[in-house]
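Colleague: I'd like a close look at the empty spaces inside this protein, and then a short stroll around the rest. Could you keep it simple for a first-year student?

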Amino acid sequence: MIREFLITKVARAKIKRLLNFDFAKKVPFGEKKHRLPILMYVHVPFCEELCPYCSFHRFPLERETAKAYFSALRKEILLYRDLGFEFEGVYIGGGTPTVLIDELLETLRLIRSSFKVKEISCETNPNHLKDEYLKLLSGEGVKRLSVGVQSFDDQILKSVKRFHKYGSGKEIIERIYATTGYFQTLNVDMIFNFPNQTLKSLENDIRILNEIPVSQITYYPLMVSSMTRKSMEANLGKLDLRKEKLFYETILKGLSKEFFPATAWCFSKTTGMIDEYVVRYDEYAGLGSGSIGYIDGFAYANTFHLRKYIDGVKKGEIPVEGIRKYTRKERMQYDFLMKLFGLRLNLAELKKKYGRASMFLILPELFFFSALGALKFDRERISLTNCGLYFWVIMMREFFTGVNNFRDFLRNLPQAHAGLS
């Protein structure tokens, strides 16, 4: 565990620096009429109930507040259109985007009429796998549906307060079967290393995943922000990272016959969109309260205040609250992390993007991970070894934990929880 501990410590320190944003009062970019393919990330921060382990930006559903939010969201979409943006893909996350299906469908229609999108992915929960919803989403261009399952173990579902909301493991399986045929990609989100999860429980989840009709599985390690940790520990117990590697290796082995790795923790039967759009898209715009975007070397975050978000968009502003300009070295480090999370890094593309001499900027990372046996070199391509896969799980776990901590910071600024009153 010494290597894993070292990687965790180094990654945590570097990511904390990268997520040290400054306050901003305007967007860091102008018109965008060309350049790289861009993804639109749309955030819907409402859930029927809040899970105790979740660190994402979300609020308990209040219908009138959510309607006002969707209306503002559509105005923000038009602001990007008027700036000349073109989007190749759309990812709608949350929260639970399908909490108000009519509002979501109206938003999808606006996106499709405003941009030449090729692929749309949408998140949902098992209780929304209704025939009516599935037909409507498919009819509005959704090609990938990602269902938050987390586990089929009833005891775990009860402990994370999902059993009474979404049903038993058996009921969730039945709903997944009913979803077959509607989408090009049916993804299920799973979590491993819950404090109360046993190896036997994990192996049973893997057995079920190999039997049910899903084309993709995203298997996240449990990632908890500092502020969510107390709530999680009170409900589930303390997180033990010593189990994480064993559980991950069990997942790799257990899914290897039916699925191939698309990233270090996404497993697919076919090619297509994945949850980690940061792998496929070099740039992405973040729309909605609390969303994060990355354009022209700037990372930026929209306000987490619902009232400020809605009022700002009404004034014709993209309501950016945090901003960070990355140096060329930091941008290369970001690409190094994300592209290898997607299993391979094309050195020729990196040199073309940043200049041949710029490769010296990531020599420390190349030497460090080569010495640990994490990388394989093949002319102009670097890929991950088997042990490298888990090292990248560690780094991405720390990356998203850092993002969650950053969310907590902005979410807890004065009035972040204010509604529309």
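How many cavities of 30 Å³ or more does the structure hold?

Modeller: Two cavities of 30 Å³ or more turn up in the structure. Before we go in, a word on what you're looking at. This is a predicted model, where local features need pLDDT of at least 70 and side-chain atom pairs count only at pLDDT 80 or more, while totals for chains, interfaces and linings use all residues. Residues are numbered from 1 along each chain as its sequence is written, and side-chain values use heavy atoms, with hydrogens and water left out.

A cavity, on a 1 Å grid over the protein atoms alone, is a set of points where a 1.4 Å probe fits but cannot get out; a pocket is an open set with protein on both sides within 12 Å along at least five of seven lines, and lining residues have an atom within 4 Å of a point. Grid points are joined across faces, edges and corners, and a volume is the space filled by probe spheres set on the points.

Let's start with the second largest cavity, which holds about 50 Å³ of space. Its lining has 10 residues, and those closest to the centre are Asp-282, Glu-283, Tyr-294, Arg-331 and Lys-353. Two elements, helix H13 (328-341) and helix H14 (347-354), give two or more residues to this lining. (Helices, H or I with at least four residues, and strands, E with at least two, are DSSP runs numbered from the N terminus.) By type, the lining of this cavity splits into six charged residues, three nonpolar and one polar. Here Ala, Val, Leu, Ile, Met, Phe, Trp, Tyr, Cys and Pro count as nonpolar, Asp, Glu, Lys and Arg as charged, and the others, Gly among them, as polar.

Now for the open spaces. The largest pocket offers about 750 Å³. There are 28 residues in its lining, and the ones closest to its centre are Val-279, Arg-280, Asp-282, Lys-339 and Glu-349. You've already met Asp-282, which is also listed among the closest to the centre of the second largest cavity. H13 and H14 come back too: along with strand S10 (260-261), helix H11 (277-280) and strand S16 (344-346), they give two or more residues to the lining of the largest pocket. Sort that lining by type and you get 11 charged, 10 nonpolar and seven polar residues.

The second largest pocket has about 530 Å³ of space. Of the 25 residues lining it, Lys-16, Ser-226, Thr-401, Gly-402 and Asn-405 lie nearest its centre. Helix H16 (386-411) brings the largest share of the lining, eight residues. Other elements that supply at least two residues each are helix H1 (2-18), strand S1, helix H9 (226-236) and strand S15 (320-325). This lining divides into 12 nonpolar, seven charged and six polar residues.

S1 (22-23) also leads us to a loop: Lys-26 sits between it and strand S2 (38-44). Lys-26 is exposed, at a relative accessible area of 66%. (Buried is under 20% relative accessible area, exposed over 50%, partly exposed in between, using a 1.4 Å probe and protein chains only.) Lys-26 and Pro-319 are 293 residues apart in the sequence, yet 7.4 Å separates them in space, C-alpha to C-alpha.

For a contrast, try strand S7 (residues 144-150). Seven of its seven residues are buried, so S7 is largely enclosed by the rest of the structure. Arg-144, Ser-146, Gly-148 and Gln-150 point one way, Leu-145, Val-147 and Val-149 the other. S7 runs parallel to strand S6 (residues 119-124), joined by four bridges, and parallel to strand S8 (residues 185-192), joined by six. (Strands pair if DSSP finds at least two bridges between them.) On the S6 side, Ser-121 has Arg-144 as its bridge partner; on the S8 side, Gln-150 stands opposite Met-190.

Gln-150 has a backbone quirk as well: its phi is near 75 degrees, positive in a residue other than glycine. Gln-150 is buried, with a relative accessible area of 10%. Arg-379 has a positive phi too, about 55 degrees, and is not a glycine either. Arg-379 lies in the loop between strand S17 (375-378) and strand S18 (381-384), and is exposed at 81% relative accessible area.

One last oddity: the peptide bond from Gly-94 to Gly-95 is cis, with omega near 20 degrees. You'll find Gly-95 in the loop between strand S5 (89-94) and helix H3 (101-114).
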